[in-house]
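Q: I'm new to this structure and would like some help reading it. Could we go through it feature by feature?

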Amino acid sequence: MESLASSSTVQLLSPPSGLSINTTPKPRNSVAFKHRSKQVWCTSSSTMKTSATDPSTKKAKEAKLWGGRFEEGVTDAVERFTESISFDKALYKQDIMGSRAHASMLAHQGLISVSDRDSILQGLDEIERRIEDGEFVWRTDREDVHMNIEAALTDLIGEPAKKLHTARSRNDQVLTDFRLWCRDAIDNIVAHIEHLQVALVTLAMKNENLIVPGYTHLQRAQPILLQHLLLAYVEQLDRDAGRLLDCRQRLNFCPLGACALAGTGLPIDRFMTSHDLGFNAPMRNSIDAVSDRDFVLEFLSANSITAIHLSRLGEEWVLWASEEFGFLTPSDSVSTGSSIMPQKKNPDPMELVRGKSARVVGDLVTLLVLCKGLPHAYNRDLQEDKEPTFDSTKTIIGMLEVCAEFAQNITFNREKIKKALPAGHLDATTLADYLVKKGIPFRTSHDIVGKSVALCVSKNCQLQDLSLDELRSVNPVFDEDVYEFLGVENAVKKFCSYGSTGSECVAEQLDFWVTKLQINTAGHK
């Protein structure tokens with residue numbers, strides 16, 4: 001630290017990008033802090049580089065499209081801080097789509113000529129081609145995707161491009177783009193959900209009649225069919241898809257034409273643009289149109305619930321892959337090893353599914369906090385809604401993809417599961433049902449079976465191992481037919497309620513999903 005105090009200019013060991021410390025007299029654009037007895041100045045490297053450059057060699061900044069009332073441009077720091085092109089260029093396709101519809105509507109309403117419309121449409125086609133071919137240069141000084149495309153269009157076709165923003169603000173423009181993007185993202189996620197559902201149903205078909213312990217409180221509870229458990233996740237995923245589709249329906253209203261917040265005095269046709277972009281209708285209230293982010297909150301909420309479901313699946317399979325359970329074995333293609341322990345085979349993909357759920361939930365929380373307390377209508381804070389949404393979408397799609405991969409590359413260890421089944425008195429509740437059928441009130445039946453289990457614990461055996469005399473020592477109601485209810489195989493056969501784990505009930509559930517998901521069952525029967 002003494003060397004720090006005595007040095008005229010030193011670099012921090014782990015500084016933020018472009019940050020250095022020097023003890024020379026205070027430069028411009030710097031801040032001071034005390035180190036022992038010395039005054040130390042922090043200066044951004046970009047500032048120092050700028051000051052070292054001959055002003056005559058600096059390229060003049062392009063005037064902002066909104067810069068008419070300003071006498072000077074923004075500083076470099078403000079420009080860097082406020083730009084969004086680094087992430088919102090992901091909206092380019094939707095932005096071009098919205099501009100095509102807007103230009104066509106303006107021409108239809110006589111607000112621009114047909115010739116200008118055609119020039120704009122041709123220019124937009126060329127810009128889209130350049131973007132997709134990697135030829136388009138995204139410029140930070142043009143701030144965002146909208147102004148990059150509009151400025152490039154002006155460079156390309158000239159005066160007609162200046163008419164494109166007639167009766168449109170970036171406020172309604174970005175919301176139109178964002179709703180279109182979220183609509184496409186939902187369709188993509190729902191397709192990935194269905195792919196995972198198919199993988200789980202296919203896995204269920206491969207494991208017919210396999211009985212596994214069912215757990216509550218992570219303690220053994222009742223015997224269930226593995227197919228039944230796998231289909232429980234299919235049901236959850238179906239609700240996830242339903243939530244997303246409900247969200248899609250609610251977001252599918254068009255803000256274009258709401259302008260900054262109050263609408264416009266020009267004779268536009270918002271119903272035309274809404275129709276052309278595939279929306280249900282224009283949004284009724286122009287203030288709501290440019291300030292609403294409910295659709296993003298709902299979208300990320302649906303993603304978060306999906307992520308929680310996937311995390312629970314990940315947790316279950318990570319446990320089942322452990323030596324302590326040993327119920328499943330992932331293939332090498334979906335496993336990783338240890339850098340130090342040669343024997344290790346880790347189910348890392350599902351651990352990361354469990355971990356990345358936190359990221360998706362965090363994206364939702366970011367949006368909730370972002371929107372809290374914002375006055376109507378648009379506020380620049382809302383620029384920050386894009387990155388969490390993009391991240392949530394990318395992450396949930398990755399989670400769905402890897403879960404499907406994992407489901408296609410695991411084997412359930414039948415012998416290990418079979419050996420593990422006797423422990424835990426899984427048939428106890430079925431025995432209580434037996435007593436109810438004998439006319440014993442359930443609470444009394446519960447007590448009798450509890451005492452029977454206590455007898456098993458004292459003798460270190462299972463219920464089916466008790467002799468009839470031993471069972472009758474607990475209560476004389478027991479008869480020879482009791483053994484038809486004992487043992488996990490008999491217990492599973494006795495389940496008959498709708499939706500239960502009984503073989504016939506599960507077969508009905510499986511047939512439902514095979515039909516709904518249009519799964520080819522060849523080779524699975």
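A: Sure, let's begin with one term: a contact here means heavy atoms within 4.5 Å. Take Glu470 as the case: leaving aside residues up to four places away in sequence, Glu470 touches Leu455, Lys459 and Asp465. Keep in mind that this is a predicted model.

Q: Where is Glu470 found, and how far apart are the C-alpha atoms of Glu470 and Cys456?
A: Glu470 is in helix H18, which covers residues 468-474. The C-alpha atoms of Glu470 and Cys456 are 9.8 Å apart, and the two residues are separated by 14 residues along the chain. As for its surroundings, Glu470 is partly exposed, with a relative accessible area of 23%.

Q: Let me step back a little. How many helices and strands does the chain have?
A: The secondary structure comes to 20 helices and 10 strands. The chain has 525 residues, and 46% of them count as buried. Contacts tell you about the chain too: among those with a separation of 6 or more, 70% are between residues 24 or more positions apart.

Q: Can you show me how to read a single residue? Is Thr273 buried or exposed?
A: The idea is to look at relative accessible area, where buried means under 20%. Thr273 has 1% relative accessibility, so Thr273 counts as buried. You'll find Thr273 in helix H10, residues 270-276. Not counting residues up to four places away in sequence, Thr273 touches Ala101, His102, Met105 and Leu256.

Q: Now for pairs of helices. How do I read those?
A: Two packed helices are described by the angle between their axes and the distance between the axes. Try helix H8 (residues 170-205) with helix H14 (residues 386-407): their axes come within 9 Å and cross at roughly 15 degrees. Angles under 35 degrees count as roughly parallel, so H8 and H14 are roughly parallel to each other. Their crossing is left-handed. The residues of this contact between H8 and H14 divide into 18 nonpolar, five polar and two charged.

Q: What about H8 and helix H20? At what angle do they pack?
A: H8 and helix H20 (residues 503-516) pack at about 140 degrees, with axes 10 Å apart. That angle makes H8 oblique to H20. The crossing of H8 and H20 is left-handed.

Q: Which residues meet in the contact of H8 with H20?
A: On the H8 side they are Gln197, Val201, Ala204 and Met205, and these meet Leu510, Trp513 and Val514 in H20. Sorted by class, the contact of H8 with H20 has six nonpolar residues, one polar and no charged ones.

Q: Let's turn to the backbone. Which residues does a cis peptide bond join?
A: A cis peptide bond joins His376 and Ala377, with omega about 10 degrees. To place it in the chain, look for Ala377 in the loop between helix H13 (348-371) and H14.

Q: And phi? Which loop holds His217, and what is the phi of His217?
A: His217 sits in the loop between strand S5 (211-216) and strand S6 (219-225). Its phi is positive, about 60 degrees, although His217 is not a glycine. His217 is also exposed, with a relative accessible area of 77%.

Q: Where does Leu218 lie, and is Leu218 buried or exposed?
A: Leu218 lies in the loop between S5 and S6. At 57% relative accessibility, Leu218 counts as exposed. Its phi is near 60 degrees, a positive value in a residue other than glycine.

Q: One last feature: disulfides. How many does a search of the whole structure find?
A: First the general idea: a disulfide is a covalent bond between the sulfur atoms of two cysteines. In this structure, the search finds zero disulfides.

Q: Why is there no bond between Cys182 and the closest cysteine sulfur?
A: A disulfide needs a pair of cysteine sulfur atoms within 2.5 Å. The closest cysteine sulfur to that of Cys182 is in Cys247, 7.4 Å away, so it is too far for a bond. Cys182 is buried, at 0% relative accessibility.

Q: How far is the sulfur of Cys496 from the closest cysteine sulfur?
A: That distance is 6.8 Å, to the sulfur in Cys505, again too far for a bond. Cys496 counts as exposed, at 69% relative accessibility.

Methods: Residues numbered from 1 in each chain as written. Predicted model: local features only at pLDDT ≥ 70, side-chain atom pairs only at ≥ 80, totals over all residues. Heavy atoms only, no water. Helix = DSSP H or I, 4+ residues; strand = E, 2+ residues; numbered from the N terminus. Buried < 20%, exposed > 50% of the residue type's maximum accessible area, 1.4 Å probe, protein only. Axes fitted to C-alpha atoms, helices over the stretch in contact; angles between N-to-C directions. Parallel < 35°, antiparallel > 145°, perpendicular 65-115°, else oblique. Left-handed = near helix turned anticlockwise from the far one by under 90°. Nonpolar A, V, L, I, M, F, W, Y, C, P; charged D, E, K, R; others polar.
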